[in-house]
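Please open the model in your viewer and keep the sequence panel beside it, since each stop below begins with a selection. The tour goes from one element to the next, with a pause at individual residues on the way.

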Amino acid sequence: MNNVVETIKNHRSIRQYLDKDIPTEIVDEIVKAAQAMPNSINGQQTSVIVIRDKEKKAKLAELVGNQEYVAKAPVFLVFVMDFYRTYLAGEKTSFKQVIHEDIEGVEAGSVDVGIALGASIIAAESFGLGIVPIGGIRKNPDEVIELLGLPKYTFPMVGLVLGYPVDESHQKPRVPFNSFRHEEIYATKVVEESIDAYDKQMSEYLKDIGRSEQETNWSTFTSKIYQSVYYPKVKPAMDKQGFKTK
């Protein structure tokens, strides 16, 4: 197996970091890896904001749900779905942009951000950095938008913490591979039959790492969260930014 694939497969989330700065040239290489990724129609509807300022990181740590490692890590990246740039192109050419007013635009922009995030994770880990994505950037989007000076037709989609690991954390098990990789059609029965086995595996994993009291298994953990819209401020904030999901 080649080194790139091994780096990807060795991924784990890291939340404890050394008090050690990350050189600008390494951060730039990570962001350049994100920029190099494919994107819809070459619209390049992703921007990345690099944050080192301690006060701003502390405020963001609060806004994303009091996740203190956002403040403690040396660098925090915010991945922005950016249709402001393409809007400016439309203003220049007199072709009015409307894609942001349909869910297709939101989906295209979300996919592009996800691709860029994945590349950044792989690049960061190849430099020996630890990372953890922060979906909580959407918890209080109005405040984040104001703090980062985001213009209309942009939206903060996800954050990424970067830092040198204190140690290597445990690697969380994934669902059985045969329920992830499907051949020709979706293997409904395989997925249905995999849930119990994965719940058992996750229960054992959580017990091993001392978190069995906080979580019991995958089904219980995810269903408790997904019984509600856990970031209800997203839709009204996106409306304010000019995005529609009709």
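Against which helices do the buried residues of helix 9 pack? Bear in mind while looking that this is a predicted model. Select helix 9, residues 188-208, and then add helix 8 (177-180) and helix 10 (218-226), because these two are what the buried residues of helix 9 pack against. Those buried residues are Val191, Ser194, Tyr198, Asp199, Met202, Tyr205 and Leu206.

Stay with helix 9 and follow its axis: its 21 residues reach 31 Å from the first C-alpha to the last, close to the 30 Å expected at 1.5 Å a residue. The helix nevertheless bends by about 35° at Ile195. Towards the end of the selection, pick Lys207, which is found in helix 9 and counts as exposed, with a relative accessibility of 64%. From Lys207, draw a distance to Asn217, ten residues away along the chain, and the two C-alpha atoms will be found separated by 10.0 Å. Before leaving this region, select Gly210, which follows helix 9 and has a positive phi, near 75°.

Next, select helix 2, residues 24-35. Its twelve residues should span 16 Å at 1.5 Å a residue, and the end C-alpha atoms are indeed 16 Å apart, in agreement with that expectation. Show the side chains of Ile26, Val27, Ile30 and Ala34, which are the buried residues of helix 2. Looking down the axis of helix 2, one sees these buried residues fall within an arc of 105°, so they line one face of the helix. An α-helix has 3.6 residues a turn, so residues three or four places apart point the same way. On the other side of helix 2, Glu25 and Gln35 are exposed. To see what covers the buried residues of helix 2, add strand 1 (46-51), strand 2 (75-82), helix 6 (103-126) and strand 4 (154-163), which are included in that cover.

Now move to the loop between helix 2 and strand 1, and select Asn42, which is placed there, together with Gln44, which is found in that loop as well. Most residues other than glycine have a negative phi. Asn42, however, has a positive phi near 60°, and Gln44 has a positive phi of about 50° although it is not a glycine. Asn42 is exposed, with a relative accessible area of 54%, whereas Gln44 is partly exposed, at 35%.

For the interior, which residues of the largest nonpolar core touch the most other members? Select Phe76, Phe79, Met81, Phe155, Val161 and Leu162, which hold that position in a core of 52 residues. Then centre the view on Met81 and display its contacts; leaving aside residues up to four places away in sequence, they include Gln45, Val106, Val113, Tyr153, Phe155, Met238 and Phe243.

From there, select Glu107, which lies in helix 6 and counts as partly exposed, at 45% relative accessibility. A line drawn from Glu107 to Glu192 joins residues that are 85 apart in sequence and 27 Å apart in space, C-alpha to C-alpha.

Finally, colour residues 8-164, the range covered by the UniProt annotation "domain: Nitroreductase", which comes from an unreviewed entry. Over this range the chain is 45% helix and 18% strand, and the end C-alpha atoms are 17 Å apart.

Technical notes. Residues are numbered from 1 along each chain as its sequence is written. This is a predicted model: local features need pLDDT of at least 70, side-chain atom pairs count only at pLDDT 80 or more; totals for chains, interfaces and linings use all residues. Side-chain values use heavy atoms; hydrogens and water are left out. Helices (H or I, at least four residues) and strands (E, at least two) are DSSP runs, numbered from the N terminus. The expected span of a helix is 1.5 Å times one less than its number of residues. Buried means under 20% relative accessible area, exposed over 50%, partly exposed in between (1.4 Å probe, protein chains only). The arc is that of the directions from the helix axis to the C-beta atoms. Contact means heavy atoms within 4.5 Å. The bend at a residue is the angle between axes fitted to the seven residues ending there and the seven starting there. UniProt positions are given in the numbering used here, feature names are shortened, and annotations may be inferred rather than shown by experiment. A nonpolar core is a set of buried Ala, Val, Leu, Ile, Met, Phe, Trp, Tyr and Cys residues joined through side-chain atoms within 4.5 Å.
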